[in-house]
Amino acid sequence: MKQETIITFIGAGSMAEALISGMTKTLYRPEQIIVTNRCNQKRLEYMQKTYGVRTETNKEKAVKEADVVILAMKPKDAAESIASIAPAVGEHQLIISVLAGVTTETIVSLIGKNVAVVRAMPNTSAAIGQSATAISQGRFAAETHVATAKTLFETVGIVTVVPEHDLHAVTGLSGSGPAYVYYLVEAMEKAAEEIGLDRTVAKKLILQTIIGAAQMLQTTNKHPSVLRKEVTSPGGTTEAGIQVLERYRYQEAVIACIKRATERSEELGKELISSSFSHTTAPLR
Ligand SMILES: NC(=O)C1=CN([C@@H]2O[C@H](COP(=O)(O)OP(=O)(O)OC[C@H]3O[C@@H](n4cnc5c(N)ncnc54)[C@H](OP(=O)(O)O)[C@@H]3O)[C@@H](O)[C@H]2O)C=CC1
Ligand SMILES: O=C(O)[C@@H]1CCC=N1
């Protein structure tokens with residue numbers, strides 16, 4: 001990607017911030033990034049002060065200046081938001097969407113032009129360069145557009161290219177994934193308090209336990225069940241603990257959670273279609 005590429009974010013929330021934080025630490029100068037949102041002026045001031053990026057309240061102007069436009073609003077706001085920028089979008093531009101559930105075909109239809117769209121599903125660990133991102137190519141996107149998107153997301157973590165229908169599952173798995181881990185940590189912190197450990201000591205131990213386990217998975221390449229068995233002495237403490245997790249059907253709960261999140265991604269896409277195109281017969285997938 002050329003150093004002078006201008007990237008405009010439509011939306012300045014958690015995901016935009018995570019990406020901007022990672023991107024400005026690596027390949028991009030803050031001046032290459034323009035951030036817009038709906039109306040939260042304080043948020044734009046924060047983004048400008050924190051990352052040095054340019055901010056713009058005139059969305060059309062921000063879009064016209066861009067080589068790459070990143071859609072980073074909630075799916076429920078997408079119809080109104082994309083309609084408001086559509087007249088400013090040119091067919092030379094690359095549109096990257098991080099919207100959960102919303103297909104490239106829906107975005108092309110909302111813009112109403114044969115524009116290159118790459119759909120991406122990063123996660124908030126982008127903020128520290130540790131996102132697990134999957135991307136897919138829209139109908140009018142060329143390989144060069146995919147390469148541009150890949151380069152962009154590689155500044156904030158690892159990137160894999162998947163067929164678009166897989167992106168719902170990716171969203172349920174790794175898009176939402178950090179929240180499942182944080183939820184586990186919340187529970188471990190509550191448990192530590194109940195069993196009488198000092199909060200600061202417990203926090204330190206929990207954090208290193210998570211980091212250590214993640215790095216064991218990465219560096220040893222052993223199957224998680226093998227690593228689990230290495231911790232579990234017959235008749236010991238781990239076995240006793242895991243028996244309780246089994247009684248509460250821990251694995252079943254996690255599997256159901258990821259399936260439900262995947263299904264919700266599909267629903268979000270359909271909700272946007274039915275709210276945007278209920279009066280048309282536009283061919284959408
Ligand atoms: N959070 C996450 O972990 C992940 C999120 N995503 C996706 O990223 C997208 C954004 O999520 P997230 O950052 O969490 O959401 P936030 O609610 O944090 O941010 C949404 C942003 O969109 C802006 N916005 C709303 N309407 C418009 C509009 N009409 N024009 C321009 N901007 C608008 C809001 O501006 P204002 O404040 O002014 O209303 C706000 O800056 C979603 O589609 C989500 O599916 C994908 C992967 C992970
Ligand atoms: O919760 C959501 O809908 C978004 C998509 C993936 C993570 N956050």
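**View 1. Helix H1 and the elements that enclose it in this predicted model.** Helix H1 spans residues 14–24, and because eight of its 11 residues are buried, this helix is largely enclosed by the rest of the structure. The buried positions of H1 are Met 15, Ala 16, Glu 17, Ala 18, Leu 19, Ile 20, Gly 22 and Met 23. Among the elements that cover these buried residues are strand S1 (7–10), strand S2 (33–36) and helix H2 (41–51).

**View 2. The annotated stretch, residues 7–101.** The UniProt record, an unreviewed entry, lists residues 7–101 as "domain: Pyrroline-5-carboxylate reductase catalytic N-terminal". Over these residues the chain is 41% helix and 19% strand, and the C-alpha atoms at the two ends of the stretch are 23 Å apart.

**View 3. The shell of residues around ligand 1.** Of the 29 residues that surround ligand 1, those that come nearest are Gly 11, Gly 13, Asn 37, Ser 81 and Ala 100. Helix H1 and helix H4 (75–85) each supply at least two residues of this shell, and H4 gives the largest share, with five residues. Sorted by class, the shell around ligand 1 divides into 13 nonpolar, 11 polar and five charged residues.

**View 4. The residues around ligand 2.** Ligand 2 is surrounded by Ala 100, Thr 171, Gly 175 and Ser 176, and by class this shell has one nonpolar residue, three polar residues and no charged residues. Ala 100, listed here around ligand 2, is also one of the residues that come nearest to ligand 1.

**View 5. The open sheet and its strand order.** Eight strands form an open sheet in the order S3-S2-S1-S4-S5-S6-S7-S8, with mixed pairing. Strand S3 (54–55) and strand S8 (157–161) are the edge strands, each of them pairing on one side only. Within the sheet, strand S4 (residues 68–71) and strand S5 (residues 94–97) pair in the parallel sense over four bridges, and Ile 70 has Ile 96 of S5 as its bridge partner.

**View 6. Helices H6 and H7 against the sheet.** Helix H6 (residues 143–154) packs on the sheet, where it touches S4, S5, strand S6 (116–121), strand S7 (131–137) and S8, and the direction of H6 makes about 170° with that of S7. Helix H7 (residues 167–175) lies across S6 and S7, running at about 35° to S6.

Notes
Residues numbered from 1 in each chain as written. Chains lettered and ligands numbered in written order. Predicted model: local features only at pLDDT ≥ 70, side-chain atom pairs only at ≥ 80, totals over all residues. UniProt positions renumbered as here; feature names shortened; annotations may be inferred. Near = placed C-beta within 6 Å. Nonpolar A, V, L, I, M, F, W, Y, C, P; charged D, E, K, R; others polar. Buried ≥ 20, exposed ≤ 12 C-beta atoms within 10 Å, placed from the backbone. Contact = placed C-beta atoms within 7 Å. Pairing = 2+ DSSP bridges. Axes fitted to C-alpha atoms, helices over the stretch in contact; angles between N-to-C directions.
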